[in-house]
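Colleague: Could we go through this model together? I'd like to hear the reasoning behind each label.

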Amino acid sequence: MAVLSVIYLLIFVIFALIAYAILQIRLFGMKVKDFWSFIEANQMLDRLYHFAKQYERMSSQEQIIYLAEAEKIFKAFDKVPEELWEEEYDKYKEVLTKYKDIKMLRWASN
């Protein structure tokens with residue numbers, strides 16, 4: 001019986017923490033879906049940042065993939081207040097610079 005009470009208490013605490021996190025996200029003026037998209041975009045930002053640093057010359061296919069992924073990141077970051085991602089600003093700027101360079105190269109080649 002005591003084990004069952006502990007399990008119920010732990011489940012209640014978990015739900016209370018989830019509710020509190022959702023409340024904090026909403027108080028910050030965001031939707032939970034936007035916050036989750038931001039978390040995924042932040043992980044992709046790290047990958048694109050390393051990719052931009054390693055590869056100076058990309059194939060046409062790699063450029064298209066890079067542009068598509070970068071656009072997804074930019075959209076997700078636009079929905080989130082800057083205070084949440086100010087630590088990632090340098091990476092964001094590097095990805096944005098590479099994005100602009102690729103766009104310019106593709107525009108010039110067409």
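Modeller: Gladly! I11 is a good place to start: its relative accessibility is 39%, so I11 counts as partly exposed. Please keep in mind that this is a predicted model.

Colleague: Why is I11 called partly exposed rather than buried or exposed?

Modeller: Buried means under 20% relative accessible area and exposed means over 50%. I11 has 39%, so partly exposed is the label that applies. I11 sits in helix α1, which covers residues 2-27.

Colleague: How far is I11 from K93 in space?

Modeller: Their C-alpha atoms are separated by 42 Å, and the two residues are 82 residues apart along the chain.

Colleague: What makes I11 part of a surface patch?

Modeller: A patch residue needs over 30% relative accessible area and no salt bridge, and nonpolar side chains are joined within 5 Å. I11 has 39%, so the area condition is met. The nonpolar patch that includes I11 is formed by M1, V3, L4, I7, Y8, I11, I14, F15, I18, I22 and V32, and together they have about 1,100 Å² of accessible area. Helix α1 gives the most to this patch, with 9 residues.

Colleague: How do you know that I18 also meets the area condition?

Modeller: The relative accessible area of I18 is 43%, and the cut-off for a patch is over 30%, so I18 meets the condition. I18 is found in helix α1 and counts as partly exposed.

Colleague: Now the charged side. Which residues form the negative surface patch?

Modeller: That patch is formed by E82, E83, E86 and E87. Glu counts as negative, and like charges are joined within 9 Å.

Colleague: Why is E83 called exposed?

Modeller: Exposed means over 50%, and E83 has a relative accessible area of 55%, so the label fits. E83 lies in helix α4, residues 82-85.

Colleague: What makes K91 and D46 a salt bridge?

Modeller: The rule asks for a side-chain nitrogen of Lys or Arg within 4 Å of a carboxyl oxygen of Asp or Glu. For K91 and D46 the closest N and O atoms are 2.7 Å apart, so the pair qualifies. K91 lies in helix α5 and D46 in helix α2, so this pair ties together parts that are 45 residues apart in sequence.

Colleague: And are these two partners buried, partly exposed or exposed?

Modeller: Both fall between 20% and 50%: K91 has 24% relative accessibility, so it is partly exposed, and D46 has 27%, so it is partly exposed too.

Colleague: What makes D46, E88 and K91 a network?

Modeller: K91 also meets E88 in a salt bridge, at 3.5 Å from N to O. With the D46 pair at 2.7 Å, the three residues are linked in a network of salt bridges.

Colleague: Why is E88 called buried?

Modeller: Its relative accessible area is 16%, and buried means under 20%, so E88 is buried.

Colleague: How many salt bridges does the rule give?

Modeller: The count comes to 3. One of them joins E69 and K72, with 3.4 Å from N to O. These two both lie in helix α3, 3 residues apart, about one turn of the helix. K72 has 52% relative accessibility, which is over 50%, so K72 counts as exposed.

Colleague: What makes something a nonpolar core here?

Modeller: The members must be buried nonpolar residues joined through side-chain atoms within 4.5 Å. The largest such core has 22 residues, and those with the most contacts inside it are L48, Y66, I73, F74, F77 and V95. Helices α2 (32-54), α3 (60-78) and α5 (89-109) each supply at least two residues of this core. The largest share, 7 residues, comes from α3. In soluble globular proteins, nonpolar side chains tend to be buried together.

Colleague: One last pair of labels: why is A52 buried while L105 is partly exposed?

Modeller: A52 has a relative accessible area of 4%, under the 20% cut-off, so A52 is buried. L105 has 48%, which lies between 20% and 50%, so L105 is partly exposed. A52 is placed in helix α2, and L105 is found in helix α5. The C-alpha atoms of A52 and E94 are separated by 7.7 Å, with their positions 42 residues apart along the chain.

Conventions: Residues are numbered from 1 along each chain as its sequence is written. This is a predicted model: local features need pLDDT of at least 70, side-chain atom pairs count only at pLDDT 80 or more; totals for chains, interfaces and linings use all residues. Side-chain values use heavy atoms; hydrogens and water are left out. Accessible areas come from the Shrake-Rupley method with a 1.4 Å probe; for residues, only the protein chains shown count as cover. The place of a charge is taken as NZ of Lys, CZ of Arg, CG of Asp or CD of Glu. Helices (H or I, at least four residues) and strands (E, at least two) are DSSP runs, numbered from the N terminus. Buried means under 20% relative accessible area, exposed over 50%, partly exposed in between (1.4 Å probe, protein chains only).
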